[in-house]
Amino acid sequence: MSEDAFRLAMEDMAREYNRQAAQLKQAYTQLREMKAVGKSGDGMVTVTVGPRGQVQNIELNPRVYGKLSPSELAHAILEQISAASGEVVERTKELMSPFVPEGLPYEEFFGDESSLDALLPQPINLEGRE
């Protein structure tokens, strides 16, 4: 490979790296700003969750206290937290999937069962034994 061809190849790789790094930076900015709202069908309970599904706000229609028992209200709140958190999970998956290596399941990196092991190569056996 000539020196010019090598330089051009390196410049192409650098441009591609910079493009991907900029996309990842933008995705993380969107993740930090992500919110989702769960609203009950009757409009009595509205819940807002943040980027990691943490509850940021709960709004209750004042009429809810006369309409629902305490246990029904608790259930309605939990239902909307679950709905909003599920939306955050789906939007996060959609946003981050392009950065997961091809052929590897998204869940290995970001799912409930994810671990650092999914990101690291397997140990190298230096002694040639299993």
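**Sheet and helix packing in the predicted model**

Strand 1 and strand 2 pair in the antiparallel sense, joined by 4 bridges. Pairing requires at least two DSSP bridges between two strands. Helices (H or I, at least four residues) and strands (E, at least two) are DSSP runs, numbered from the N terminus. The model is predicted: local features need pLDDT of at least 70, side-chain atom pairs count only at pLDDT 80 or more, and totals for chains, interfaces and linings use all residues. Residues are numbered from 1 along each chain as its sequence is written, and side-chain values use heavy atoms, with hydrogens and water left out.

Lys 39 stands opposite Thr 46 of strand 2. The hairpin of strand 1 and strand 2 has 5 residues between the strands. Within this hairpin, Gly 43 adopts a positive phi near 75 degrees.

Strand 2 (residues 45-49) also runs antiparallel to strand 3, with 5 bridges joining them. Val 45 faces Leu 60 in strand 3. Thr 48 is placed opposite Asn 57 in strand 3. These two strands form a hairpin with 5 residues between them. Gly 53 in the turn has a positive phi of about 80 degrees.

The result is an open sheet of 3 strands in the order 1-2-3, with antiparallel pairing. Strand 1 (36-39) and strand 3 (55-60) stand at the edges with a single partner strand each, so one side of each lacks a neighbour in the sheet. Neighbouring strands are turned by 15 degrees against each other on average, direction ignored. Axes are lines fitted to C-alpha atoms, for helices over the stretch in contact; angles run from 0 to 180 degrees between N-to-C directions.

In strand 2, 5 of the 5 residues are buried, so the strand is largely enclosed by the rest of the structure. Buried means under 20% relative accessible area (1.4 Å probe, protein chains only). Val 45, Val 47 and Val 49 point one way, Thr 46 and Thr 48 the other.

Helix 3 (residues 70-96) lies across strand 1, strand 2 and strand 3, at about 35 degrees to strand 2. Its axis and that of helix 1 (residues 3-33) come within 10 Å and cross at roughly 170 degrees. Helix 1 and helix 3 are therefore roughly antiparallel, a term for angles over 145 degrees. Leu 24, Ala 27, Tyr 28, Gln 30 and Leu 31 in helix 1 meet Thr 92, Leu 95 and Met 96 in helix 3. Contact means heavy atoms within 4.5 Å. By class, this contact has 6 nonpolar, 2 polar and no charged residues. Ala, Val, Leu, Ile, Met, Phe, Trp, Tyr, Cys and Pro count as nonpolar, Asp, Glu, Lys and Arg as charged, and the others, Gly among them, as polar.

Notes: Parallel < 35°, antiparallel > 145°, perpendicular 65-115°, else oblique. Buried < 20%, exposed > 50% of the residue type's maximum accessible area, 1.4 Å probe, protein only.
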